[in-house]
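Visitor: I'm new to this structure and would like a close look at one part of it. Could you pick a single strand and walk me through what surrounds it?

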Amino acid sequence: MNRCTATTLISPPEPFADLLEDARPSPVLCALGEKHDGDHAQMLWDDSGDELAAWVRWDSRRTRLAPLRWCPVQNGAGEACGLFAGHPSRHDWEINEAPDI
């Protein structure tokens with residue numbers, strides 16, 4: 001399965017924008033498989049001290065940040081899926097990488 005090619009621009013949250021050298025909006029590419037149901041999604045950062053990661057989720061009307069748990073499914077080699085729990089589409093090892101944006 002090919003990767004979804006949907007993109008969106010995200011800006012750093014207001015309190016952090018003043019701390020950054022470059023606070024311009026940045027593009028993010030959906031991490032899910034093509035033709036998935038629901039919102040597009042991309043992981044922004046992993047809180048390694050917890051079982052959560054911060055994801056950006058978007059559709060045609062809105063963009064939001066969401067703390068989501070990791071998908072618990074592992075492949076035959078014991079590697080965990082790199083998407084969030086309950087994600088639509090296939091697991092990340094079944095998705096072909098899209099070109100850089």
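**A close look at strand E4**

Guide: Going along the sequence, the protein chain runs in the pattern β-α-β-β-β-β. That comes to one helix and five strands. Keep in mind that this is a predicted model. If you put a box around the C-alpha atoms along the principal axes, it is roughly 45 × 30 × 25 Å. The chain has 101 residues, and 33% of them are buried. Among contacts between residues at least 6 apart in sequence, 38% join residues at least 24 apart.

Now to our strand. E4 covers residues 52–58, and it belongs to an open sheet of three strands in the order E3-E4-E5, with antiparallel pairing. The edge strands are E3 (40–47) and E5, each of which pairs on one side only. On average, neighbouring strands of this sheet are turned by 30° against each other, if you ignore direction. As background, the strands of a sheet pair through backbone hydrogen bonds, either parallel or antiparallel. On the E5 side, E4 makes its antiparallel pairing over seven bridges. One spot to look for is Trp58, which stands opposite Thr63 in E5.

Let's go along E4 residue by residue, starting with Ala54. Is Ala54 buried or exposed? Its relative accessible area is 13%, and the limit for buried is under 20%, so Ala54 counts as buried. Leaving out residues up to four places away in sequence, Ala54 touches Gln42, Met43, Leu44, Trp45 and Ala66. For a sense of distance, take Cys81: Ala54 and Cys81 are 27 residues apart in sequence, and their C-alpha atoms are 16 Å apart in space.

Gln42, one of those partners of Ala54, deserves a short detour. Gln42 sits in strand E3, and with 18% relative accessibility it counts as buried too. A polar atom of the Gln42 side chain lies 2.6 Å from the backbone oxygen of Leu29. Apart from neighbours within four places in sequence, Gln42 is in contact with several residues of E4's stretch of the chain, including Ala54, Trp55, Val56 and Trp58. Its other contacts include Arg3, Val28, Leu29, Cys30 and Ala31.

Next comes Trp55, where the aromatic rings come in. A search of the whole structure finds two aromatic pairs. In one, the rings of Trp55 and Trp70 have their centres 6.0 Å apart and their planes at 70°, so this pair is edge-to-face. Trp55 is in strand E4 and Trp70 is in the segment after E5, so the pair ties together parts that are 15 residues apart in sequence. How much of each partner is accessible? Trp55 has a relative accessible area of 0%, so it is buried, whereas Trp70, at 26%, is partly exposed.

The other pair joins Trp55 to Phe84: the ring centres are 5.1 Å apart and the planes meet at 75°, so this one is edge-to-face as well. It links distant parts of the chain, with Trp55 in E4 and Phe84 in the segment after E5, 29 residues apart. Both Trp55 and Phe84 are buried. Taken together, the ring pairs link Trp55, Trp70 and Phe84 into a cluster.

From there we can step back to the core. In soluble globular proteins, nonpolar side chains tend to be buried together. Here, the largest nonpolar core has 19 residues, and those with the most contacts inside it are Cys30, Leu32, Trp55, Trp58, Leu83 and Phe84. E4 and E5 (63–69) each supply at least two residues of this core. Which strand gives the largest share? E4 does, with four residues.

Trp58 is worth another look, as one of the core residues with the most contacts inside it. Not counting residues up to four places away in sequence, Trp58 touches a long list: Ala6, Thr7, Thr8, Val28, Leu29, Cys30, Asp39, His40, Ala41, Gln42 and Thr63. So you meet Gln42 again here, just as you did among the contacts of Ala54.

One last stop lies beyond the sheet. Asn75 is in the segment after E5, where its side chain reaches the backbone nitrogen of Ala77 at 3.0 Å. A polar atom of that Asn75 side chain also lies 2.9 Å from the backbone nitrogen of Glu79.

Notes: Residues are numbered from 1 along each chain as its sequence is written. This is a predicted model: local features need pLDDT of at least 70, side-chain atom pairs count only at pLDDT 80 or more; totals for chains, interfaces and linings use all residues. Side-chain values use heavy atoms; hydrogens and water are left out. Buried means under 20% relative accessible area, exposed over 50%, partly exposed in between (1.4 Å probe, protein chains only). Contact means heavy atoms within 4.5 Å. A nonpolar core is a set of buried Ala, Val, Leu, Ile, Met, Phe, Trp, Tyr and Cys residues joined through side-chain atoms within 4.5 Å. Rings of Phe, Tyr and Trp (its six-membered ring) pair if their centres lie within 6.5 Å; planes under 30 degrees apart count as stacked, over 60 as edge-to-face and the rest as tilted. Two strands pair if DSSP finds at least two bridges between them. Axes are lines fitted to C-alpha atoms, for helices over the stretch in contact, and angles run from 0 to 180 degrees between N-to-C directions. A polar contact is a pair of N or O atoms within 3.5 Å; within protein, one must be able to donate a hydrogen and the other to accept it, and residues adjacent in sequence count only if both atoms are side-chain atoms.
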